[in-house]
Amino acid sequence: MKSKVYFMKEITSDNLVKIYHALNKELPGKVAIKVHSGEAGNQNYLRPSFFKQIVDEVKGTIVECNTAYDGARNTTEKHLQLMKEHEWNKYFKVDILDSEGPDIELNIPNGKVIKKDYIGKNIKNYDSCLVLSHFKGHPMGGYGGALKQLSIGFASSYGKTYIHGAGKPEEKWTANHDKFLESMADAASSVHQYFKGNICYINIMCNMSVDCDCCAVAEDPCMEDIGILASTDPIALDQACIDLVYQSKDPGRNHLVERIESRNGRHTIDVASTLGFGTKEYELIEIK
């Protein structure tokens with residue numbers, strides 16, 4: 001069966017709320033809203049003011065996790081300071097999920113590469129989740145979207161090294177590349193299933209650089225904005241975004257496609273589709 005992916009061309013705060021309601025999925029209880037806080041120096045990350053209407057709509061808490069590399073977000077103290085500098089705290093309550101240990105271990109019995117995922121223990125405080133992803137390129141994954149948010153995004157600092165190292169944290173920057181991509185798919189499945197259906201996804205296709213918002217020095221966007229997409233299926237959602245990039249007539253799309261293909265980025269989607277938590281087959285439904 002095809003998953004439904006909703007699409008709106010105009011990227012506005014109002015339309016974030018509108019496309020969320022198109023999913024017809026109420027998020028119960030305490031809602032975690034996963035975003036990318038943006039590395040210090042990055043110019044492309046999506047600003048908190050853009051998200052204010054949707055966060056207020058679902059009465060959620062902004063959640064993030066510490067990084068596994070040097071920078072402004074690899075400790076809770078530095079990360080919270082950056083969240084203030086980037087004005088997340090100006091608008092929202094903020095929770096660094098792995099601010100205190102120990103991590104929660106999520107089992108992945110059918111994982112292709114890894115059988116566990118390590119998540120900050122504060123995830124236990126939430127009943128449902130809205131994943132807000134800035135769709136763009138990525139230096140290692142080829143692209144970043146909902147699946148990356150679910151995997152690397154939700155993983156604790158240790159969990160990130162575990163995924164990057166394909167189960168061997170000491171090999172976080174030297175592991176086999178495809179095994180890393182497959183580990184992302186495994187980890188994504190664990191977080192999706194943790195919320196037992198009480199999770200929704202929105203991808204925003206704007207400011208599309210070949211680099212991620214985790215890059216302190218990132219290339220400027222290389223192609224025109226495309227729109228907002230939403231689904232309850234993160235695999236179908238990422239596949240739809242990839243397809244829209246490939247179908248674009250914008251000359252800058254070649255640069256982004258080269259980044260995706262040179263890192264074998266679509267492999268993450270292919271592997272995720274074999275794990276039983278979504279499908280690459282979708283119906284794209286445009287909302288005016």
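**Sheet, flanking helices and largest pocket**

In this predicted model, 8 strands form an open sheet of mixed pairing in the order S4-S3-S2-S7-S10-S11-S1-S12. Strands (E, at least two residues) and helices (H or I, at least four) are DSSP runs numbered from the N terminus, and two strands pair if DSSP finds at least two bridges between them. Strand S4 (94–96) and strand S12 (282–286) are the edges, each pairing on one side only. From one strand to the next the twist averages 25°. Residues are numbered from 1 along each chain as its sequence is written. Local features need pLDDT of at least 70, side-chain atom pairs count only at pLDDT 80 or more, and totals for chains, interfaces and linings use all residues.

Strand S2 (residues 31–34) runs parallel to strand S7 (residues 128–134) over 4 bridges, with Lys34 opposite Val131 in S7. Helix H2 (residues 48–58) packs on the sheet, touching S2, S3, S7 and S10 (contact: heavy atoms within 4.5 Å). The direction of H2 makes about 170° with that of S7; axes are lines fitted to C-alpha atoms, for helices over the stretch in contact, and angles run from 0 to 180 degrees between N-to-C directions. Helix H3 (residues 76–85) lies across S3 and S4, at about 155° to S4.

The largest pocket is lined by 20 residues, with Tyr69, His138, Lys148, Ile152 and Cys214 nearest its centre. On a 1 Å grid over the protein atoms alone, a pocket is an open set of points where a 1.4 Å probe fits, with protein on both sides within 12 Å along at least five of seven lines; lining residues have an atom within 4 Å of a point. Helix H5 (146–153) and helix H6 (157–164) each give two or more residues to this lining, and H5 gives the most, with 4.

Key. Heavy atoms only, no water.
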